[in-house]
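Trainee: Can we go through this one together? I'd like to hear the reasoning behind the labels.

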Amino acid sequence: MDPIRNPYAPGAGQRPPELAGRDEQLRAFDVVLERVAAGRPERSLVLTGLRGVGKTVLLNALRSAAVRRQWGTGKLEARPDQSLRRPLASALHQAVRELGHPDVESVSHVLGVVRSFAQREAGAGARLREQWNPGIDAPAVKGRADSGDVEIDLVELFTDLGGLAADVGKGIAVFIDEMQDLGPDDVSALCAACHEISQSGLPVIVVGAGLPHLPAVLSASKSYSERLFRYQRIDRLPRDAADRALAAPAADEEAAYDEAALSAMYVATGGYPYFIQAYGKAVWDQAPRSPITAADVAVAAPEAEGELAVGFFGSRFERATPGERDYLRAMADVAHKLAESGEDVLDDVESVPTADVAAVLGKKPQSLSPARDALLKKGLIYASERGRIAFTVPHFGRYLREHA
């Protein structure tokens with residue numbers, strides 16, 4: 001089939017041609033936007049899930065929904081080695097510009113507060129960091145969001161932003177990807193600011209996305225975070241949505257799948273959106289004609305798996321040290337054995353006991369703490385509950401057993 005007309009889009013955060021299976025989340029967010037704009041109380045939102053389930057794609061779709069309602073929006077990606085101040089200031093700078101407030105003086109004042117927040121960091125070298133220019137023309141406002149205490153500063157910043165948005169009957173939404181990588185102080189400050197804003201009724205919300213342990217990160221920072229955010233678990237697609245993600249783009253190009261092909265694709269991809277796009281692209285390029293058959297899927301499977309092995313699995317495996325790779329392989333072995341024994345372990349997604357991993361390696365669990373902690377920080381595994389860990393990447397255990 002014509003590769004130029006191939007409709008599938010396997011890419012990090014790249015929106016697929018058919019955003020299937022996320023209608024419920026989109027409708028719920030529309031309600032949030034309407035309620036906040038009307039001055040009614042509403043919680044900020046946190047999306048959680050494994051890698052490859054489409055959290056970033058959904059985050060971008062939610063942002064687009066806010067833009068359509070003429071909200072001010074900004075987006076950032078958290079990094080474990082970076083303070084929240086600068087990326088958040090850049091995101092809020094964009095949000096204020098999108099808001100389109102007619103009062104130039106009010107806008108200038110709030111942008112000055114954003115600049116003060118960006119330039120003020122506590123600790124050694126703060127004076128030098130104050131010379132950093134966030135691209136805001138307005139002069140920094142002294143005495144507002146510049147105390148050096150990020151919690152105090154963020155509350156003041158969000159309060160001023162909320163007031164500006166309320167003036168024009170709109171709202172401001174901040175979208176944070178990889179939210180689990182925020183530092184402890186920044187997480188605490190963000191929770192405190194969201195709490196203050198929700199109590200005051202100002203039209204500012206935070207929409208975060210992160211790995212499955214993100215709720216635990218927030219809860220460890222502020223006990224009330226369990227009631228502060230609306231948590232939505234983003235999972236793999238059910239069969240009907242997965243079929244639609246494949247069939248709808250093909251139909252737009254006057255092509256189709258037969259039923260056996262759709263069944264084979266669901267078995268191969270497990271319903272994970274990123275895998276659906278990767279397989280869809282490979283199968284389209286390999287299939288000689290429409291309708292696409294199960295035989296076409298079988299022929300294209302090695303190409304799809306090879307692409308995933310390099311771009312999705314391999315790049316993550318390469319980030320691990322030799323000792324960390326041994327730990328990952330041991331996790332894969334334990335998950336496979338538990339699955340064969342009939343326990344509730346599904347394709348290496350569910351958690352495995354850390355004691356069992358240590359037993360496979362022939363070591364005491366305490367001696368493996370450095371490797372486990374390093375893998376946690378690198379986002380390759382997460383602690384699903386006390387004494388248990390799991391891969392953040394679906395099908396990673398299978399990849400390790402077959403390729404590593």
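Trainee: What is the strand order in the open sheet of 5 strands?

Mentor: In this predicted model, the order is β2-β3-β4-β1-β5, and the pairing is parallel. On average, neighbouring strands are turned by 15 degrees against each other, direction ignored.

Trainee: What makes β2 (72-77) and β5 (229-233) edge strands?

Mentor: Each of them pairs on one side only.

Trainee: How do you know that β2 and β3 pair?

Mentor: Pairing takes at least two bridges. β2 and β3 have 6 bridges, in the parallel sense, so they count as a pair. Within that pairing, Gly-72 stands opposite Ile-172 in β3.

Trainee: Why is Ile-172 called buried?

Mentor: The cut-off is under 20% relative accessible area. Ile-172 has 0%, so it is buried. Beyond its neighbours within four places in sequence, its contacts include Trp-71, Gly-72, Leu-92, Leu-161 and Val-204.

Trainee: Which helices go with the sheet?

Mentor: Helix α7 (residues 184-200) lies across β1, β3, β4 and β5, at about 145 degrees to β4. Helix α8 (residues 214-221) packs on the sheet too, touching β1, β4 and β5.

Trainee: What is the span of α10 set against the expected value?

Mentor: The expected span is 1.5 Å times one less than the number of residues. With 14 residues, α10 is expected to span 20 Å, and its reach from first C-alpha to last is 20 Å, so the two are close. Its buried residues, among them Ala-241 and Leu-246, pack against α11 (259-269) and α12 (273-286).

Terms used
Residues numbered from 1 in each chain as written. Predicted model: local features only at pLDDT ≥ 70, side-chain atom pairs only at ≥ 80, totals over all residues. Heavy atoms only, no water. Buried < 20%, exposed > 50% of the residue type's maximum accessible area, 1.4 Å probe, protein only. Contact = heavy atoms within 4.5 Å. Helix = DSSP H or I, 4+ residues; strand = E, 2+ residues; numbered from the N terminus. Axes fitted to C-alpha atoms, helices over the stretch in contact; angles between N-to-C directions.
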